[in-house]
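Reader: Could you take me through one part of this model up close, the place where two helices pack against each other in the helical chain? I'd like the surroundings too, so I can find my way around on screen.

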Amino acid sequence: MAGVQVANVSRSFGAHKALDDVSIDFADGGFYALLGPSGSGKTTLLRQIAGFDFPDSGRIAIGGESVERVPVEKRRIGMVFQNYALFPNMSVADNIAFGLSVRGEPKATIAAEVQRALDLVQLGKLGGRKPHQLSGGQRQRVALARAIVTKPRVLLLDEPLGALDKALRVDMQIELKRIQREIGITTIFVTHDQEEALTMSDRIGILRDGRLVQEGPPEEIYDRPQSEFAATFLGDANIFHGNATGSGIRLPDGTTIAASTGASVPAGAKASCAVRPERIRISPGAAKPDPANVNTLTGQVSKRIFAGNNSTYFVDRFGQTLKVIVQNTGAERLAEGQPVVLSWSPDSTVLIAA
Amino acid sequence: MATTRILEWLGRFYIVLLLGFLYLPIIIMAAMSFNASPFYQLPFEWTTDWYSSLWQNDQLIAATWNSIEIAVITTLISTVLGSMASLALYRYDFRGKKVLQALLFPPIAIPWLITGTAMLIFFFGVGIGRGLVAILLGHVALALPYVIVVVSARLQTFAPELEEAARSLGANQWQVTTRVTLPWIMPGVIAGGLFAFAVSFDQFVVSYFLSTPGQTTLPVEIYAAIRKGFTPEINAVSTIIIVVSMALMLLTARFFKFGGEK
């Protein structure tokens, strides 16, 4: 087991900069998500850490040992592929045994280790099956067992749950997390699913156009995004553009929005504010504003989407559509077309430098 | 209902016709190899004389062994070289790869007569001349493109992540190839090998150009025998070859499902 350090790694394919000076520290035993839209470089970064491809410049270290020029077969990593990549000509047990067998481990050791791995992923009795006789979730487990049975220093997962349906995906998220905790292995997984990143990982790195946009624990990134991209890619956010006032921003129409978290931007400079939809209180136009919620705007409900446990209101204000999510507490529901007051606290407002 | 039954019968009739078209000449030839009359006269009179006299025909037997030997060696060389070439074309990108791939196909379309002439001239030019070695080299050259085409087609269905997965588990290039890639392409390799065997064993034109009177293959020898005067021994040797090669094909088909295998 070991941590992974990526320092100033760049990689270009022709004129396309897939990775541009990326530095990120994966602590020993942590569970990391690399999150980003397609083409953001997250898979390229994973392949550099795995050793399928070498960086043009920069350093990669596993357990303190420089590996940026070491080929994948010598890196002692475990990898789970998007489509599992199980060997179709081998049984489940032989698939799992492969890594031990190419190392020349004795047969008895292999059999015992394979059984342990099968038990760990709760597939104890399926060792004799062929991959095509398994369900998607079972294949996923076999791929995981095969990747960890060799006791790799780090476990890499490339969109591991992408091919599963929603219910199974949630099961596997819990399962994956349990197994990771049980063996305590440093785990890096690539995903474009923000919910998956939020629920599973200890830390998230958000990538965009080959650059690391922000890195930190899920709560920190969600509550204090440092860019509009981070704010809107991880969760939903209402973004206001204006000029910094020192304690918030002033919108072009003169309204001020107070913000007590986020960057410090010199007064007068361009800046924006991000507010999460669930932090905004919505009340009928006539209601008295809550004194704690200093930021107040008026608008009109243009649309309401009822989703059972909550409702999403779209509120039009000077051509901007704001999104507000209200928990279903049994309170009065607002009608489309109704004038409303939106209010929220400066604590829920994140100032972002332009 | 009536139309379905008629269509069904038409379908069966068609299949019988097709099989008859394919196999009737062969069956007649096989039957005649057991007929006493050397001039295909009926009524049919059972004999195995032609097989006994075939056994005495040293020239024909020698040519048969030459053919088998050349076909087996051609199969081995072209299957190994062709599979390796397919793997290289699949795995690596290099300068001139597209040109090389494009150049592999025309030899299949060039008439053998022309290929044979070209080889004869070339082998004389470089001092190899005619004979079994020349025939072998010629057959390997003819069979290689077939093997590469068939194995490459099979490789198209191979998922490159499988090799990556094997490498991530610590397998070196040799282990990746022998334990993951080869098992997957094996049906293609076998099929390519069968093609190579057939191309060599059936080869008349190129062999005819490159053989010398003492060193010849079965098709060339049969042709020479027919020119001298047909004997049912030819039927006998042909029947043996058909039985053996069909048995081989059926055996291979039994063990390897070509095409859509998982």
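**A helix pair in chain B and what surrounds it**

Author: Sure, let's start with the layout: read from one end of the sequence to the other, chain B runs α-α-α-α-α-α-α-α-α-α-α-α. That gives 12 helices and 0 strands. Keep in mind as we go that this is a predicted model.

Before zooming in, get a feel for chain B as a whole. Its C-alpha atoms fit a box of roughly 70 × 70 × 30 Å along the principal axes. Of its 262 residues, 31% are buried. If you take the contacts in chain B with a separation of 6 or more, 79% of them link residues 24 or more positions apart. The pair you asked about is a case where two separate stretches of the chain meet: helix α3 covers residues 58–91 of chain B, and helix α9 covers residues 173–201.

Now for the pair itself. The axes of α3(B) and α9(B) lie 8 Å apart, and the angle between them is about 140°. Angles over 145 degrees would count as roughly antiparallel, so this pair is classed as oblique. As for handedness, α3(B) crosses α9(B) in the right-handed sense.

Which residues do the touching? On the α3(B) side, look for B:Ser67, B:Ile70, B:Ala71, B:Thr74, B:Thr75, B:Ser78, B:Thr79, B:Gly82, B:Ser83 and B:Leu87. Facing them from α9(B) are B:Thr181, B:Val189, B:Gly192, B:Gly193, B:Ala196, B:Phe197, B:Ser200 and B:Phe201. Sort the residues of this contact by type and you get 11 polar, 7 nonpolar and no charged. If you colour by residue type, the glycines B:Gly82, B:Gly192 and B:Gly193 are among the residues in that contact, and glycine goes with the polar group here.

While you're in chain B, have a look at helix α11, residues 218–228. Four of its residues to pick out are B:Leu218, B:Val220, B:Glu221 and B:Ile222, which are buried. Note that a glutamate, B:Glu221, is on that list. Just past the helix, B:Gly229 has a positive phi of about 145°.

Next, step out to where chain B meets chain A. The contact draws 17 residues from chain B and 19 from chain A. On the chain A side, β6 (77–80) and α2 (92–102) each put in at least two residues. The biggest share there comes from α2(A), with 3 residues. By type, the chain A side comprises 11 nonpolar, 5 polar and 3 charged residues.

Chain A itself comes in two pieces, domain 1 (4–223) and domain 2 (236–353). Their centres, taken over C-alpha atoms, are 39 Å apart.

Two backbone oddities in chain A are worth a click. One is A:Asn8, which has a positive phi of about 55° despite not being a glycine. A:Asn8 sits in strand β1 (residues 4–13). It counts as partly exposed because it has 13 C-beta neighbours inside 10 Å. The other is A:Lys151, again not a glycine, with a positive phi near 55°. You'll find A:Lys151 in the loop between α4 (136–148) and β7 (154–158). With 13 C-beta neighbours inside 10 Å, A:Lys151 is therefore partly exposed too.

Conventions:
Residues are numbered from 1 along each chain as its sequence is written. Chains are lettered from A and ligands numbered from 1 in the order in which they are written. This is a predicted model: local features need pLDDT of at least 70, side-chain atom pairs count only at pLDDT 80 or more; totals for chains, interfaces and linings use all residues. A residue is buried if 20 or more other C-beta atoms lie within 10 Å of its own, exposed if 12 or fewer, and partly exposed in between; C-beta atoms are placed from the backbone. Two residues are in contact if their C-beta atoms, placed from the backbone, lie within 7 Å. Domain bounds come from an automatic or database domain assignment. Axes are lines fitted to C-alpha atoms, for helices over the stretch in contact, and angles run from 0 to 180 degrees between N-to-C directions. Angles under 35 degrees count as roughly parallel, over 145 as roughly antiparallel, 65 to 115 as roughly perpendicular and the rest as oblique. A crossing is left-handed if the near helix is turned anticlockwise from the far one by less than a right angle, and right-handed if clockwise.
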